[in-house]
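Reader: I have the model open beside me and would like to see how its labels are earned. Could you take me through them?

Author: Gladly; here it is.

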Amino acid sequence: MRAAQITRLDGPTAVQVTEVDEPSGDDTVVIDVHAAGVAFPDALLTRGLYQYKPELPFTPGAEIAGTVRSAPSDAHVAAGDRVLGLTMLSGGMAEVVALPADRVFALPDAVSFEAGAGILFNDMTVHFALRTRGRLRDGETVLVHGAAGGIGTAALRLAPALGAARTIAVVSTQEKAEIARAAGASDVVLADGFRDAVKDLTGGRGVDIVVDPVGGDRFTDSLRSLAVGGRLLVIGFTGGEIPTVKVNRLLLNNIDVVGAGWGAWTFSHPGYLAEQWAELAPLLASGAIPPPAPEVYPLERAGEAIASLENRSAKGKVVLKIR
């Protein structure tokens, strides 16, 4: 089968599409992959900068959409079913994957394979961050950094369905502002001077939750943008720099800085993925959560797709079309 492979650790240009052996299907769900999601950890993996360091060469990709080729008799899916799947760490950018049944989910009929491949990794991360770690309550306001990226657009799509009354998107350019608006942002502000803009938009009150997959030098102004009792959700550091917290700021306004490491949580909480999908699937099927509108690359351009995450040129979610 064809697969994208990382052959050396010097960035996305090292990704090559080549022929590899198909995975064994013993006691797993074997899926013919139609599309595979691309995420920021894939870019880190190409440089050996992610905490998970597989042996070279390896196939990146954490999420897929496709059709079941075969499944164990006691699985909840069967041959021919349209499904989504999580590899969690690597292996998704290939024509065939084999997954345990608990990481395979029925794809709603109204969602295409390309859109489906952009759902699980980001939407489940955001659902975990807002629902489990952020304790989002009905009527609250959510500020989203990196709002034109995969996590950012997922947060803008999900937050209203989970109870938020308002979403404020933070973007770096006017072009990215249009992406955030298309994803459902109530308001859009530029990163330069966002603190003052948020203060004006909220009448000085601030926001209840900040979704931050960026980190870097905007972190302190994010804390200052929180209302009393607000929560800043730390999801990642696409900005490169890992910020530090002066904890007196937390004390003064009774605010929280909350880690939201979805992957680690799922490994220590068996059954959590199924709980998440039980809530998300009906919302996706009904249209309450609109599916993503991904930027689609062919498998042959996998390196270019991954590079768009590294250089922050990606417009929303990025997906590879496999077949």
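Author: This is a predicted model, in which local features need pLDDT of at least 70 and side-chain atom pairs count only at pLDDT 80 or more, while totals for chains, interfaces and linings use all residues. Residues are numbered from 1 along each chain as its sequence is written, and side-chain values use heavy atoms, with hydrogens and water left out.

Reader: Why is Arg8 called partly exposed?

Author: Buried means under 20% relative accessible area and exposed over 50%, with partly exposed in between (1.4 Å probe, protein chains only). Arg8 has 39% relative accessibility, so it counts as partly exposed. Asp10 earns that label at 37%.

Reader: What makes Asp10 and Arg8 a salt bridge?

Author: The term asks for a side-chain nitrogen of Lys or Arg within 4 Å of a carboxyl oxygen of Asp or Glu. Here the N to O distance is 2.9 Å, and the pair meets that rule. By this rule the count comes to 20 salt bridges.

Reader: How do you know that Arg131 and Glu279 form a salt bridge, and why does the pair tie together parts apart in sequence?

Author: Their N to O distance is 2.3 Å, which fits the cut-off. Arg131 lies in helix α3 (residues 120-133) and Glu279 in helix α10 (residues 272-286), so the pair ties together parts that are 148 residues apart in sequence. Helices (H or I, at least four residues) and strands (E, at least two) are DSSP runs, numbered from the N terminus. Arg131 is partly exposed at 32%, and so is Glu279 at 26%.

Reader: What makes Asp187 and Arg166 a link between distant parts of the chain?

Author: The closest N and O atoms of this salt bridge are 2.8 Å apart. Asp187 sits in strand β10 (residues 187-190) and Arg166 in strand β9 (residues 166-171), 21 residues apart.

Reader: Why do β10 and β13 stand at the edges of the sheet?

Author: Six strands form an open sheet in the order β10-β9-β8-β11-β12-β13, with parallel pairing. β10 and β13 (256-259) each have a single partner strand, so one side of each is left without a neighbour in the sheet.

Reader: How do you know that β11 and β12 pair?

Author: Two strands pair if DSSP finds at least two bridges between them. Five bridges join β11 (residues 207-212) to β12 (residues 226-234), so the condition is met. Within these strands, Ile209 stands opposite Arg231 in β12.
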